[in-house]
Amino acid sequence: MARRVLRPRADLQKEGAALSEVYDRLRGEIVDGTFEAGAQLVELALAEKYGTSRTPVREALRRLEQDGLVERAERGMRVRTRSPEEILEIYEVRISLEATAAAAAAQRRSDFDLIRIRRAQTAMDNTATDDPAAMAAANRAVHEAIWVASHNGTIVDLLTRLNNHLTRYPATTLKVPGRWSEALAEHHALIDAIEQRDADRAHDLARDHMTKARELRLQIYRDEPAD
């Protein structure tokens with residue numbers, strides 16, 4: 001039986017670093033629109049672009065497929081296409097999971113969880129409204145703190161994956177006129193319910209909050225110019 005050849009640790013570390021860099025750069029260029037929806041992702045061309053071999057590119061594409069950002073097509077991998085039907089599918093699941101996470105957070109949160117949630121909300125309150133990316137990031141940090149406070153790893157994993165899908169729709173609902181102040185008020189009410197351990201109220205507030213986000217997301221998609 002052939003003996004397995006062990007690769008030097010330095011080679012494995014180098015390969016891992018290359019994978020991480022390619023994954024981060026390619027993911028960023030998909031999210032920021034450098035690679036548009038439906039764009040073909042050719043391994044050889046990407047390897048030349050990033051100055052690496054095809055192996056980390058292939059692995060990065062596999063991870064991005066798991067993230068929901070790329071998909072298999074007839075001629076290899078491509079940036080996943082977008083549709084209003086997908087928005088509805090994503091939010092149908094996300095509304096339910098966000099509500100479940102909020103209710104669980106109200107039941108299970110620790111004092112430390114509450115501090116972390118309120119710190120994230122304070123940062124959001126102080127975020128400049130002329131930076132859509134910062135607004136979206138601050139909002140996401142609040143939601144992620146609530147997910148963690150649910151102490152349910154499966155919920156956190158599923159919501160993270162759903163959020164990855166939504167990164168292909170880069171326009172933030174928080175820039176819709178009036179939505180920012182409305183979202184802040186909804187967050188504060190939700191956090192109060194979590195602090196008071198009112199699981200039913202937290203559930204309903206999170207559900208309504210995400211339902212509004214879905215309607216605004218569909219509105220943004222409808223108003224986008226056709227390709």
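**Group meeting: the sheet and the two cores**

I'll start with the hairpin of strands you can find at residues 70-73 and 76-79. β2 and β3 pair in the antiparallel sense over 4 bridges. Please keep in mind that this is a predicted model. Within that pairing, Arg72 stands opposite Met77 in β3.

The sheet is an open one of 3 strands, ordered β1-β3-β2, with antiparallel pairing. β1, residues 40-41, and β2 are the edge strands; each has a single partner, so one side of each lacks a neighbour in the sheet. Helix α3, residues 54-67, lies across β1, β2 and β3 and runs at about 105° to β2.

Now the cores. In soluble globular proteins, nonpolar side chains tend to be buried together. Here, the largest nonpolar core has 25 residues, and those with the most contacts inside it include Ile117, Met124, Ile146 and Trp180. Which helices each supply at least two residues of this core? They are α4 (84-108), α5 (111-125), α6 (132-149), α8 (179-195) and α9 (199-223). The largest share, 7 residues, comes from α8. There is also a second, separate core of 18 residues, with Ile30, Phe35, Leu41 and Leu64 among them.

Back to Met124. Leaving out residues up to four places away in sequence, Met124 touches Ala138, Asn139, Val142, Trp180, Leu184 and His187.

One last residue: Gln121, in helix α5. Is Gln121 buried or exposed? Gln121 has a relative accessible area of 1%, and because the cut-off for buried is under 20%, Gln121 counts as buried. With the same sequence neighbours left out, Gln121 touches Val142, Leu184, His187, His188 and Ile191.

Notes
Residues are numbered from 1 along each chain as its sequence is written. This is a predicted model: local features need pLDDT of at least 70, side-chain atom pairs count only at pLDDT 80 or more; totals for chains, interfaces and linings use all residues. Side-chain values use heavy atoms; hydrogens and water are left out. A nonpolar core is a set of buried Ala, Val, Leu, Ile, Met, Phe, Trp, Tyr and Cys residues joined through side-chain atoms within 4.5 Å. Buried means under 20% relative accessible area, exposed over 50%, partly exposed in between (1.4 Å probe, protein chains only). Contact means heavy atoms within 4.5 Å. Two strands pair if DSSP finds at least two bridges between them. Axes are lines fitted to C-alpha atoms, for helices over the stretch in contact, and angles run from 0 to 180 degrees between N-to-C directions.
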